[in-house]
Amino acid sequence: MKTVAVLGAGTMGNGIAHVFAQYNYKVNLIDISQSSLDKAIVNISRNLDRMVAKDVIDEEEKKATLDNISTHLDIKEGVKNADLVIEAATENAKIKKAIFKELGIICHEDTILASNTSSISITELANETTRPENVIGMHFMNPVPLMKLVEVIKGKKTSKEVVKIIMNLSKELNKIPVEVNDFPGFVANRILMPMINEAIEALQDGVSGVSEIDTVMKLGMAHPMGPLQLADFIGLDVCLSILNVMYKGFKNPKYMPCPLLVKMVNKGKLGIKSGEGFYDYSVSKKAEIISSQFK
């Protein structure tokens, strides 16, 4: 495997591209927006600068990593020579299914098609193609260059050979792959999202404030980040989408999104990406808690 195509130049997509390029794979980073591609390269370069500053890599390795990445607006051009395509589009089943349907048509028959989805059924995505045995989930964690875990999700028809290839590939990237079966939310989000949702419920009910809830979980449970801050980091819209997928998939009320979460997403308060969530990330306020306006 020499060439990897990454579909989507957002936070996850540029992180995935960064890691593959750093480990000397040729990466075709694809997006429908040139500005998104330009921003992705700036972000990757900035992250590499941090690694240089910490003596993790040197300037020569930084240059080689950036040289390994090419950007593309045309999906056909971007995937035509790819051995592996990783979809990292927005967490929306309709969008992802449309992408996999197109990939099934334009990619070589032996190309492995992977999704970075954090909750959507790999089997359903695979069914949009004529090669379900070559479809698999590669759920990287954010930030991708730092986080070790990769959830490797088997669809119902994913071949054992493809699972083996992706498990070994993940190890080559200095990641720790964990093989899981295809259920809504897989393992990570099936456990994480109900905790985040419950933390939001506690805030909504007035049990305590934002920083207090996060402090309890950090000091009492040894979590490096509180659940409300983590939700801001993930994106409240992403949290809502994942909970909706699990609620629909399991038909269990414990996965029903908290009304406060829905309210914040509807107000455009999505966390770090929008500048406001449970905390304020604007330059002037420097992470001041803004939860009072939702009480």
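I will talk about two features of this structure, its aromatic ring pairs and its second largest pocket.

Please keep in mind that this is a predicted model, in which local features need pLDDT of at least 70, side-chain atom pairs count only at pLDDT 80 or more, and totals for chains, interfaces and linings use all residues. Residues are numbered from 1 along each chain as its sequence is written, and side-chain values use heavy atoms, with hydrogens and water left out.

Let me start with the rings. Rings of Phe, Tyr and Trp, the last by its six-membered ring, are paired if their centres lie within 6.5 Å, with planes under 30 degrees apart called stacked, over 60 edge-to-face and the rest tilted. The count by this rule is 4 aromatic pairs. One of them joins Phe20 to Phe140 edge-to-face, at 6.5 Å centre to centre and with 70° between the planes. This pair links distant parts of the chain, since Phe20 sits in helix H1 (residues 11-22) and Phe140 in strand S6 (residues 135-140), 120 residues apart. Helices (H or I, at least four residues) and strands (E, at least two) are DSSP runs, numbered from the N terminus. Both Phe20 and Phe140 are buried, that is, under 20% relative accessible area with a 1.4 Å probe, protein chains only. Tyr25 joins Phe20 and Phe140 in a cluster linked by ring pairs.

Now to the lining of the second largest pocket. By class, this lining has 5 nonpolar, 4 polar and 4 charged residues, where Ala, Val, Leu, Ile, Met, Phe, Trp, Tyr, Cys and Pro count as nonpolar, Asp, Glu, Lys and Arg as charged, and the others, Gly among them, as polar. H11 gives the most to that lining, with 4 residues.

Terms used: Buried means under 20% relative accessible area, exposed over 50%, partly exposed in between (1.4 Å probe, protein chains only). On a 1 Å grid over the protein atoms alone, a cavity is a set of points where a 1.4 Å probe fits but cannot get out, and a pocket is an open set with protein on both sides within 12 Å along at least five of seven lines; lining residues have an atom within 4 Å of a point. Grid points are joined across faces, edges and corners, and a volume is the space filled by probe spheres set on the points.
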